[in-house]
Amino acid sequence: RVAFELSGRVLMNVFMNSKETNNADVPMYRKQVPDGTPKGGMGMAIRQTTLGGAFTAHDVLGGTFTGDIDVDFFGGQVPSPGGRTFPLMRIRTARAIVAWERAELLIGQEQPLVANLNPRSLASVGAPNFSYAGNLWLWLPQVRFGMHTAGDGMRYGVQGAILAPTSADPAGFFTTGFDAAERTNTPFLQTRAHVTWGDSENPAEVGVGLHYGSIADKNNEAQTSSAVTLDFLVPLGERFEVRGEAFSGQALAGLGGGGIGQNFGIDTLTVVRSVGMWTQLNYRVSPRLLVGVAYGFDDPNDDDLPTLLSNATTAIHSEWRPAGPLVLGLEWRSTATKYAASNYPNSHFNFAIGFEF
């Protein structure tokens with residue numbers, strides 16, 4: 001009565017950047033560097049390989065139980081001449097789910113309830129595409145419960161979640177302490193309402209959400225982290241789909257880089273307000289070939305910040321599964337990061353090759 005499934009994708013990425021970025025193989029924004037600093041380069045890495053395991057059991061508390069875990073090798077690298085060839089394993093998600101006909105309970109680590117969607121990309125697996133450019137995504141420990149209607153027509157649902165608070169402050173190599181959000185003794189709270197239609201093979205869904213939490217400023221006084229969100233995944237006929245998310249809020253670095261990773265601005269007391277969104281249009285040319293275009297941006301309020309003012313990314317990508325488990329991807333991405341002094345662009349090219357099981 002228990003079924004176990006092992007899955008994974010072994011992926012090698014070949015990448016090039018025209019300019020200096022915050023991260024070479026999965027760039028999120030352009031760095032502001034002095035003249036004469038190396039501007040770009042080319043590299044190869046296999047650390048976006050992922051492994052997953054899942055098992056299901058029926059008749060658990062009157063429902064179906066699913067437990068799964070997903071890991072990759074994007075958790076950094078051992079300081080050594082090997083660099084990215086000695087990557088560290090990282091837990092992405094780890095979930096225990098009990099599903100009933102009209103309700104679902106989730107306990108574990110998962111993306112934020114109000115931002116549970118990502119663009120398709122074989123170039124950005126370790127950090128989803130449009131991080132720091134409109135995509136809130138960071139995996140967080142949480143307890144989530146939802147209820148929904150059943151049937152073949154329009155289906156409605158509402159969900160709520162209690163999440164681990166986080167301000168995205170960097171942690172040490174081994175020991176950890178409380179970050180600015182944890183010091184407030186207040187969990188993150190989120191709720192989302194959604195409508196779903198279509199069949200189980202090709203569903204459509206639109207949701208709206210609310211996020212609320214607290215983050216301590218430099219005087220250790222709690223400041224509000226909040227957001228209103230929109231998410232959508234809508235098939236357009238049999239071959240097209242459009243997906244995306246949008247948000248408006250403040251102090252959102254802890255949800256995956258909202259406000260371009262900035263909670264506080266000019267005087268380290270001013271809360272950074274920001275709006276952002278991303279959207280992707282995908283076209284399935286054939287059962288084995290998919291192409292798409294996408295755009296995302298994060299635009300903090302200029303009055304709150306001294307330097308890093310906005311970040312926008314445009315991407316064109318393809319996924320091709322020519323035979324059996326083989327998978328290939330090609331992506332071009334252009335990022336424009338605006339600082340107070342100027343606008344700094346970067347072009348990123350990425351070729352991915354691997355296999356899935």
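This is a short walk through a predicted model, from its salt bridges to its surface, its loops and its cavities.

Hi everyone, thanks for coming. Please keep in mind as we go that this is a prediction.

Let me start with the charged pairs. How many salt bridges does the structure hold? The total is 15, and I'd like to show you a few of them.

Have a look at R192 first. One partner of R192 is E205, and the closest N and O atoms of that salt bridge are 2.6 Å apart. This pair ties together distant parts of the chain, with E205 in strand 10 and R192 in strand 9, which covers residues 188–197. The two residues are 13 apart along the chain.

R192 also forms a salt bridge with D231, and here the closest N and O atoms are 2.8 Å apart. Again distant parts of the chain are linked: D231 sits in strand 11, R192 in strand 9, and 39 residues separate them.

So are these residues buried or exposed, you may ask, starting with R192? R192 has a relative accessible area of 8%, and because that is under the 20% cut-off, R192 is buried. D231 is also at 8%, so D231 counts as buried too. E205 comes out at 25%, which puts E205 in the partly exposed class. If you are following on screen, R192 is a good residue to centre on, as both E205 and D231 bridge to it.

Now to a second group of charges. R9, R120, E319, R321 and E356 are joined in a network of salt bridges. Within that group, let me pick out E319 and R321, whose side chains meet at 3.2 Å, N to O. How accessible is E319? E319 has 4% relative accessibility and counts as buried. R321, at 21%, counts as partly exposed, because the buried class stops under 20%.

Let's move to strand 1, residues 2–17. L11 lies in this strand, and with 0% relative accessibility L11 is buried. What I like here is a contact across the sequence: L11 and A352 are 341 residues apart in sequence, yet their C-alpha atoms are 6.6 Å apart in space.

Strand 1 turns up again when we look at the surface. Which residues form the nonpolar patch there? They are V2, F4, L6, L51, F55, M89, L326, F355 and F357, and together they have about 900 Å² of accessible area. Two elements give two or more residues each, namely strand 1 and strand 3, the latter spanning 50–60. Strand 1 is the top contributor, with three residues. One other member to point out is F357, found in the segment after strand 17, which runs over 343–356. F357 is partly exposed, at 44% relative accessible area.

While we are at strand 3, please find D59, which belongs to that strand. D59 has 68% relative accessibility, and because this is over 50%, D59 counts as exposed. Its C-alpha atom is 9.7 Å from that of V98, and the two residues are 39 apart along the chain.

Just along from there is L61, in the loop between strand 3 and strand 4, which covers 63–72. What is the phi of L61? Phi is near 55°, a positive value in a residue other than glycine. L61 is exposed as well, with 69% relative accessibility.

N220 has a positive phi too, near 65°, and again the residue is not glycine. You'll find N220 in the loop between strand 10, residues 204–216, and strand 11, residues 222–236. Those two strands should sound familiar: strand 10 holds E205, and strand 11 holds D231.

Last stop, the inside. The model has three cavities of 30 Å³ or more. The largest cavity holds about 50 Å³ of space. Which residues are closest to its centre? Of the 13 residues lining that cavity, the closest are P27, M28, N129, F130 and S131. And what is the lining like by class? Seven of the lining residues are nonpolar, five are polar and one is charged.

That's the tour. Thanks for listening, and I'm happy to go back to any of these spots on the screen.

Methods:
Residues numbered from 1 in each chain as written. Predicted model: local features only at pLDDT ≥ 70, side-chain atom pairs only at ≥ 80, totals over all residues. Heavy atoms only, no water. Patch = residues over 30% accessible without salt bridge, like charges linked within 9 Å, V, L, I, M, F, W, Y side chains within 5 Å. Areas by Shrake-Rupley, 256 points an atom, 1.4 Å probe, with all protein chains shown as cover. Salt bridge = Lys/Arg side-chain N within 4 Å of Asp/Glu carboxyl O. Helix = DSSP H or I, 4+ residues; strand = E, 2+ residues; numbered from the N terminus. Buried < 20%, exposed > 50% of the residue type's maximum accessible area, 1.4 Å probe, protein only. 1 Å grid on protein atoms, 1.4 Å probe; cavity = no way out; pocket = protein on both sides within 12 Å on 5 of 7 lines; lining within 4 Å. Points joined across faces, edges and corners; volume = space filled by probe spheres on them. Nonpolar A, V, L, I, M, F, W, Y, C, P; charged D, E, K, R; others polar.
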